[in-house]
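Got the viewer open and a selection box ready? Let's walk through this one stop at a time.

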Amino acid sequence: MKKFFSIVAASLLALSVGCGGGAGNPADPNSGNGNPPAQDNNASNSSGDVQVGIILPTKDEPRWIQDQTRFENGLTQAGFTSSVLFSQGSSATERSNVEALVGRGAKVIIICPQDGTAAAGAVDEAKQSGATVIAYDRLITNTENLDYYVGFDSKAVGEAQGEYLLSKATGNGNPLYLYSGAATDNNAFDFFAGAWSVLQPKIQDGTFVIANSSEALALADKAELDREELGKILGQITTDWDFNVAKTKAEANLTSADAKLKGNVFILAPNDGTARSIADTFAADTAVTHYEITGQDVEIPSVQYIIDGKQSMTVFKDTRELTEAAIKLASQVLNGETPETTTTQNNGSKEVPSKILDVKTVTKDNVKEAIIDTGYYDASQFTGLE
Ligand code: BGC
């Protein structure tokens, strides 16, 4: 496998552009309250009243920048004022952000939590102010005060990743490297559980050999894992959704792997950001002759990696549909209508009225049809696309 420094450099540049700005909020009503200052990145609307407040986990991943833009445009078009704040990996900042938005009169608070359990306190506070609270993409657990949840079918994401790896495996003894998202994210459990449901029978029958997790190995005879068991595995294979952690872990795994665990390998990577960094690490190991690696989010750099044959697949979660669903719920609440939901999701305290959206596998074979022809991205954003 060759390295493609130019594309890596281009990805890093894209990331650093995405990370720009966000110099804090001079008008933060909570400054001086002991909490970290609210992070307002919507320079056009960093003070004054807002109807809808949105809090996203980080601006360091292209995925959430897309959501920000879609929220800002969609809510303006729907005729509502809004402000998007980022938590930047801190539950304390997330809470300050909620307080800031509530202080600015937000009647609907949409939160994609940094930590799905810790966010319950922020939800309770928003609710006390009279706001309606919507969990976005990631469920917020253990609070009765969460009003709605909009997200994707996270089990189906993991199943799609597992099925892809399985479709590429022949014979027995194929080395399988497992990586997961952050254990603070409810989705990470569902992604892994979905993948496990497909991979576990194939670990049992010898198709795959787990290469990097003694915890997964110890549970290999269990088709269904409970939360605690999943937690044990995640504790060992987590990337924390951080591509540096992913890289360090992949390097350590390869250092301790013997020759039998190299050659043609299979890698369950939880999302695109971590997939790119794990893929680069495996590509740099001369004893790895070929790898198949999963991802999710159709991030632009990963679509390029797929075109270039450096990432095998990604799972398309159409964020146009997700922001649209959240905006529709918010509009219905603000217009005094009864919000439409299609199902419920148990968050440990209640059945939360929810909308759960479908996902789609994207590989080199259907990338044009799925991503370009649907207008999600423009062909000019990529090189080598046929
Ligand atoms: C989201 C993914 C994202 C990951 C890391 C998950 O909760 O569903 O789309 O890649 O968080 O931010």
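One term before we start: two residues are in contact when they have heavy atoms within 4.5 Å of each other. Also keep in mind that this is a predicted model.

**Stop 1: S180**

Select S180, in the loop between β6 and α6. Is S180 buried or exposed? At 2% relative accessibility, S180 counts as buried. Now show what surrounds it. Leaving aside neighbours within four places in sequence, S180 is in contact with L234, I237, T238, T239, D240 and P270. Hang on to L234 and I237, which are both among the buried residues of α8.

**Stop 2: helix α8**

Select 227–237, which is α8. Colour E229, L230, I233, L234 and I237, the buried residues of this helix. Why do they end up on the same side of α8? They do so because they cover an arc of only 135° around the axis. A bit of helix geometry goes well with that: an α-helix has 3.6 residues a turn, so residues three or four places apart point the same way.

Spin the view to the face turned away from the buried side, and you'll find the exposed residues E228 and G235. Turn back and display β6, α6, α7 (214–218) and α9 (243–256); the buried residues of α8 pack against these elements. Before leaving, zoom in on the N-terminal end of α8, where D226 acts as a cap. One of its side-chain oxygens lies 3.1 Å from the backbone nitrogen of E228.

**Stop 3: F192 and the core**

Next, pick F192. Leaving out neighbours within four places in sequence, F192 is in contact with L178, L225, L230, I233, L234, I237 and L268. So which core are we in? F192 is one of the residues with the most contacts inside the largest nonpolar core, which has 32 residues. Others to highlight there include L165, L176, L199 and F208.

Elements that give two or more residues to this core include α5 (154–168), β6 (174–178), β7 (208–210) and β8 (263–268). Which element gives the most? That would be α6, with nine residues. Another core, of 24 residues, lies apart from this one; select V52, I110, Y136 and L329 to see some of its members.

**Stop 4: M313**

Jump to M313 in strand β10. M313 is buried, with a relative accessible area of 0%. Measure C-alpha to C-alpha from M313 to T361: the two are 7.0 Å apart in space and 48 residues apart in sequence. T361 is also among the contacts of M313, as are A160, Y164, I293, I306 and V362.

**Stop 5: the ligand**

Now centre on the ligand. How many residues surround the ligand? There are 13, and the closest are E61, D137, D185, D297 and K317. Three distances are worth labelling:

- K317: a polar side-chain atom lies 2.7 Å from a ligand oxygen.
- R138: a polar side-chain atom lies 2.8 Å from an oxygen atom of the ligand.
- W64: an N or O atom in the side chain is 3.0 Å from a ligand oxygen.

Taken alone, the ligand exposes 310 Å², and the protein buries 100% of that.

**Last stop: zoom out**

Show the whole protein as a cartoon, and you're looking at 13 helices and 13 strands. Of the 386 residues, 55% count as buried. Switch on the surface if you like: the accessible area comes to about 15,400 Å², with 49% belonging to carbon and sulfur atoms. Among contacts with a separation of 6 or more, 71% are between residues 24 or more positions apart.

Technical notes: Residues numbered from 1 in each chain as written. Predicted model: local features only at pLDDT ≥ 70, side-chain atom pairs only at ≥ 80, totals over all residues. Heavy atoms only, no water. Core = buried A, V, L, I, M, F, W, Y, C linked by side-chain atoms within 4.5 Å. Buried < 20%, exposed > 50% of the residue type's maximum accessible area, 1.4 Å probe, protein only. Helix = DSSP H or I, 4+ residues; strand = E, 2+ residues; numbered from the N terminus. Near = heavy atom within 4 Å. Polar contact = N/O pair within 3.5 Å; in protein donor to acceptor, adjacent residues only side chain to side chain. Areas by Shrake-Rupley, 256 points an atom, 1.4 Å probe, with all protein chains shown as cover. Arc of directions from axis to C-beta.
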